[in-house]
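Reader: I am new to this structure and would like to understand one part of it well, rather than all of it briefly. Could you take me slowly through a single part and what lies around it, explaining each step of the reasoning as you go?

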Amino acid sequence: MSETIAIVGAGICGMCTGLALAKRGHKVTLYERDSPPPAGDADQAFFDWNRLGAAQFRHPHAFLGLMCSLLEERYPDLVEDFYEAGARRVEFTDLLSSQQLSRYIPQAGDEKLWLLLCRRATMETVLRRYVVRLNNVEIVSNCSVEQVLAEKAHGAIRVRGIRISRDGVESDVPADVVIDASGRTSRFRHWFSGLGVAIPEEKDDAGIVYYTRHYKLAPGVKEPVRNSHSPSSGDIGYLKFGVFPGDNGHFAVILCVPVNEETLKQAIRDGDTFDRVCRHIPGLLPWLEPGKSIPTTDSFGIGDIHSVWRHYVVDGVPVAHNFFAVGDAALRTNPLYGRGCSTGIWHAHLLAGLLDEVTEPAERARRFDAITEAELRPIFKASLSEDQRGIRRALAVMDGDLLDRPDTFRKWFRLAFADALSAASKEDVRVLRGAMRTFNLLEKPGEFLNDWNIRLTVLRYMLRGRKRNTAQRRRRGPSRGEMLALIQQA
């Protein structure tokens, strides 16, 4: 059954939702407050597009294996468009150390362990140009959504459309279904509250802030070779770092610090200090040595990083009919893990399939809530657990300790097992493959540990001691005291 569907937000999640629904024959209109991307190439999209509606627009992004495999299977021509725009494909074998590669035996499923890397501006531009070519999709830009049109009856809200403002003129837009893809700044929770219906929310602070700076390789300079001794991403205890290769010779570096590292946070807001800090981390030096690359932006940060889960069904009762929230509007995890785009497209396709199977509004809402819980809740919980571990580690480092000290044996075992798993994944291909299946969202978090061979391998690493395994997790770099001293010399 074809329905008229209004999607609020034409970011990556909104467009993927439109793509999934349009392919199934629905009439889809996306309402976006920002202007469309400029005509031209990827650099024009990155430097000239005034994209205020996406808080992370100029921070690094990646499509994980779940999203890449879905796109390759269902929209192969879209994947080709990404390649033509300069997007990078990174295979599982590209992530192996030389030691691991020498022992690597391909297995079925390894072909799904690949990443697509490019700047978000490139991602959005390519995706938007693809979506607008579909016959039954329209994107209305420079349009503000002012209100949800709905009536409250029997404790639930029946949504019937949205009110928009364009060029100073307001108008009502009727729709069979309204989908909120407006991300972390969604206003629907506020609008529903005004109608007397609360949307319960879980919210936990990730305890970090991260800063990004973009660069381009200097003319004639080749991208540094990956080096397992000084990898281009990792954790030095008080600071996490990473290089995100992009399209057309561009790349970004992120530095992630705990929110209470005030001196370090203040320092890396300055571009020159950001570079100086990076050049004292061996894994970043090959990218930022003088003459190797040229900064294309200043250093800029993003804070207010929380894990958020919003409940649209309470005690089995939907709070709204004919309304669904997808992606960050429904749930979000720490962007450091790069899961937002991939969980968003999966969420969108789950919804598209459900709308074809079920027509009764209340049952649709309950089923979508159940599917979201089953498919995305494990990812959310795993991300939240990693946030909490990161906070404890950061506090331990600030106190001058390599290890965070748990107060019960059960907590100690859980932490020691996680440290051993991290250490084993750097040497054992089977363990890394399992960890990468979790990372790429191709299976439930930790599902690979049901394999007793992998579990025994990790237990053997535990016998080496937590201190040794933790030290292997930490990458080469100056101590916290040395880095603070380096900053103060400026």
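Author: A residue is called buried when its relative accessible area is under 20%, exposed when it is over 50%, and partly exposed in between. Glu360, with 40% relative accessibility, is therefore partly exposed. The model you are looking at is predicted, and this should be kept in mind throughout what follows.

Glu360 is a convenient place to begin, since this residue sits in the loop between helix H11 and helix H12, the latter covering residues 361-398. Thr359 lies in that loop as well, between H11 and H12, but with 53% relative accessibility Thr359 counts as exposed. Asn322 gives a reference point for both of these loop residues. Glu360 is 38 residues from Asn322 in sequence, while in space their C-alpha atoms are 9.3 Å apart. For Thr359 and Asn322 the distance along the chain is 37 residues, and their C-alpha atoms are separated by 9.9 Å.

From this loop we can turn to H11 itself, the helix made of residues 340-357. Its length can be checked with simple arithmetic: at 1.5 Å a residue, the 18 residues of H11 should span 26 Å, and the C-alpha atoms at its two ends are indeed 26 Å apart, so the expected and the computed values agree. H11 is also mostly covered, with 14 of its 18 residues buried. To see what lies beside H11, we can follow its packing against two other helices.

On the other side of the loop, H12 packs against H11 at an angle of about 155 degrees, with the two axes 10 Å apart. Because angles over 145 degrees count as roughly antiparallel, H11 and H12 are described as roughly antiparallel to each other. The crossing of H11 past H12 is right-handed. On the H11 side the contact is made by Thr343, Trp346, His347, Leu350, Leu351, Leu354, Leu355 and Glu357, and on the H12 side by Arg364, Arg367, Phe368, Ile371, Thr372, Glu375, Leu376 and Ile379. Sorted by character, the residues of this contact between H11 and H12 comprise nine nonpolar, three polar and four charged.

Helix H1, which covers residues 12-22, packs with H11 too: their axes come within 8 Å and cross at roughly 30 degrees. That angle makes H1 roughly parallel to H11, and the cut-off behind this statement is that angles under 35 degrees count as roughly parallel. The crossing of H1 and H11 is right-handed. H1 contributes Ile12, Cys13, Cys16, Thr17, Ala20 and Leu21 to the contact, whereas H11 contributes Cys341, Gly344, Ile345, Ala348, His349, Ala352 and Leu355. The residues of the contact of H1 with H11 divide into ten nonpolar and three polar, with no charged residue among them. Leu355 of H11 appears in this contact with H1 and also in the contact with H12. In reading such lists it helps to recall that an α-helix has 3.6 residues a turn, so residues three or four places apart point the same way.

H1 in turn leads to another neighbour, helix H6, made of residues 120-131; the two pack at an angle of about 25 degrees with their axes 10 Å apart. H1 and H6 are therefore roughly parallel to each other, and their crossing is left-handed. Here Ile12, Met15, Cys16 and Leu19 of H1 meet Arg120, Met123, Glu124, Leu127, Arg128, Tyr130 and Val131 of H6. The residues of the contact of H1 with H6 divide into eight nonpolar, no polar and three charged. Ile12 and Cys16 of H1 are named in this contact with H6, and both are named in the contact with H11 as well.

One further step takes us from H6 to Phe82, a residue of helix H4, which covers residues 76-84. With a relative accessible area of 1%, Phe82 is buried. Leaving aside residues up to four places away in sequence, Phe82 touches Phe63, Leu71, Ala87, Leu116, Thr122, Met123 and Val126. Phe82 and Val126 are 44 residues apart along the chain, while their C-alpha atoms are separated by 6.4 Å. Met123, touched here by Phe82, is also one of the H6 residues that meet H1, and with that the path which began at the loop after H11 comes to its end.

How values were computed: Residues are numbered from 1 along each chain as its sequence is written. This is a predicted model: local features need pLDDT of at least 70, side-chain atom pairs count only at pLDDT 80 or more; totals for chains, interfaces and linings use all residues. Side-chain values use heavy atoms; hydrogens and water are left out. Helices (H or I, at least four residues) and strands (E, at least two) are DSSP runs, numbered from the N terminus. The expected span of a helix is 1.5 Å times one less than its number of residues. Buried means under 20% relative accessible area, exposed over 50%, partly exposed in between (1.4 Å probe, protein chains only). Axes are lines fitted to C-alpha atoms, for helices over the stretch in contact, and angles run from 0 to 180 degrees between N-to-C directions. Angles under 35 degrees count as roughly parallel, over 145 as roughly antiparallel, 65 to 115 as roughly perpendicular and the rest as oblique. A crossing is left-handed if the near helix is turned anticlockwise from the far one by less than a right angle, and right-handed if clockwise. Contact means heavy atoms within 4.5 Å. Ala, Val, Leu, Ile, Met, Phe, Trp, Tyr, Cys and Pro count as nonpolar, Asp, Glu, Lys and Arg as charged, and the others, Gly among them, as polar.
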